Amino acid sequence: MEQYIDGYLLSVPKANIETYRKMAELAGSIWLENGALEFRECVADDIDGEGFGSFSAAASAREGETVVFSWIAFASKADRDRINAKVMADPRLTGMSCEGVFDFKRMCWGGFTTLVGKTARAQ
């Protein structure tokens, strides 16, 4: 299955993680209601191994912040464009502000085509 993925990398002050989680839960519901296949928000647990690139550096994480890695899966880029247009017009999202929760200007975002896609089969 060649899904289209929107990926996000950002840093969130540790003190704001619960507020961010509540925002992400609402946003995820909106994306799924409009047709996204999957919505994930993941908080750093084991990153920045010695000898490798740094997620913290890539996310411009500062003292007291943690890294959040997120993605939304869509059936295709056309579906993503259609779904995102609906989501961005949803009043529940347009009324949401990131101000004071995380620095939106330091967030990385991009759309990705699937190069290799595998899933475990249910037994």
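This is a short tour of a predicted model, stop by stop, with something to select at each one.

**Stop 1: the whole chain**

Start with everything shown as a cartoon. You should find four helices and four strands. Follow the chain from the N terminus and the elements come in the order β-α-β-α-β-α-α-β. Now switch to the C-alpha trace and turn it around: along its principal axes, the trace spans about 40 × 40 × 30 Å.

The protein has 123 residues, and buried ones make up 31% of them. Before zooming in, here is one thing to keep in mind about how the chain meets itself. Take the contacts with a separation of 6 or more: 84% of them are between residues 24 or more positions apart.

**Stop 2: helix α1**

Select residues 17-33, which form α1. This helix has 17 residues, and from its first C-alpha to its last it reaches 24 Å, close to the 24 Å expected at 1.5 Å a residue.

Which residues of α1 are buried? Colour Y20, M23, A24, A27, G28, I30 and W31, because these are the ones, with buried meaning under 20% relative accessible area. Then look down the helix axis. These buried residues cover an arc of only 160° around the axis, so they sit on the same side of α1. Add K22 and E33 in another colour: they are exposed, on the other side of the helix.

What does the buried side pack against? Show β1, β2, β3, α3 (77-89) and α4 together with α1; the buried residues of the helix pack against these elements.

**Stop 3: just past the end of α1**

Move on to N34, in the loop between α1 and β2. Is N34 buried or exposed? Its relative accessibility is 18%, so N34 counts as buried. To see what is around N34, display R82, I83, K86 and V87 as sticks. N34 touches these four, leaving aside residues up to four places away in sequence.

While you are here, click on G35. Just after α1, this glycine takes a positive phi of about 120°.

**Stop 4: the largest pocket**

Next, turn on a surface and go to the largest pocket, with a volume of about 460 Å³. Its lining has 20 residues; select W31, L93, C98, F104 and M107 to see those that lie nearest the centre. You have already met W31, one of the buried residues of α1.

Which element gives the largest share of this lining? That is α1, with five residues. Several elements each supply at least two residues: β1 (4-13), α1 (17-33), β2 (38-43), β3 (65-74) and α4 (91-94). Colour the lining by residue type and you will get 17 nonpolar residues, two polar and one charged.

**Stop 5: the second largest pocket**

Now for the second largest pocket, which holds about 390 Å³ of space. It is lined by 15 residues, and Q3, I5, T114, V116 and G117 are the closest to its centre. Here β1 and β3 each supply at least two residues of the lining, and the largest share, four residues, comes from β3. By type, this lining divides into seven nonpolar, six polar and two charged residues.

**Stop 6: three loop residues**

Finish with the loops. Select D48, in the loop between β2 and α2. Its phi is near 65°, a positive value in a residue other than glycine. D48 is partly exposed, with a relative accessible area of 32%.

Then go to S60, in the loop between α2 and β3. S60 is not a glycine either, yet it has a positive phi of about 55°. With a relative accessible area of 35%, S60 is partly exposed.

The last selection is R62, also found in the loop between α2 (55-58) and β3. Is R62 buried or exposed? R62 counts as exposed because its relative accessibility is 52%, and the cut-off for exposed is over 50%. Add P13 and draw a distance from C-alpha to C-alpha: R62 and P13 are 49 residues apart in sequence and 8.3 Å apart in space.

Methods: Residues numbered from 1 in each chain as written. Predicted model: local features only at pLDDT ≥ 70, side-chain atom pairs only at ≥ 80, totals over all residues. Heavy atoms only, no water. 1 Å grid on protein atoms, 1.4 Å probe; cavity = no way out; pocket = protein on both sides within 12 Å on 5 of 7 lines; lining within 4 Å. Points joined across faces, edges and corners; volume = space filled by probe spheres on them. Nonpolar A, V, L, I, M, F, W, Y, C, P; charged D, E, K, R; others polar. Buried < 20%, exposed > 50% of the residue type's maximum accessible area, 1.4 Å probe, protein only. Expected span 1.5 Å × (residues − 1). Arc of directions from axis to C-beta. Contact = heavy atoms within 4.5 Å.
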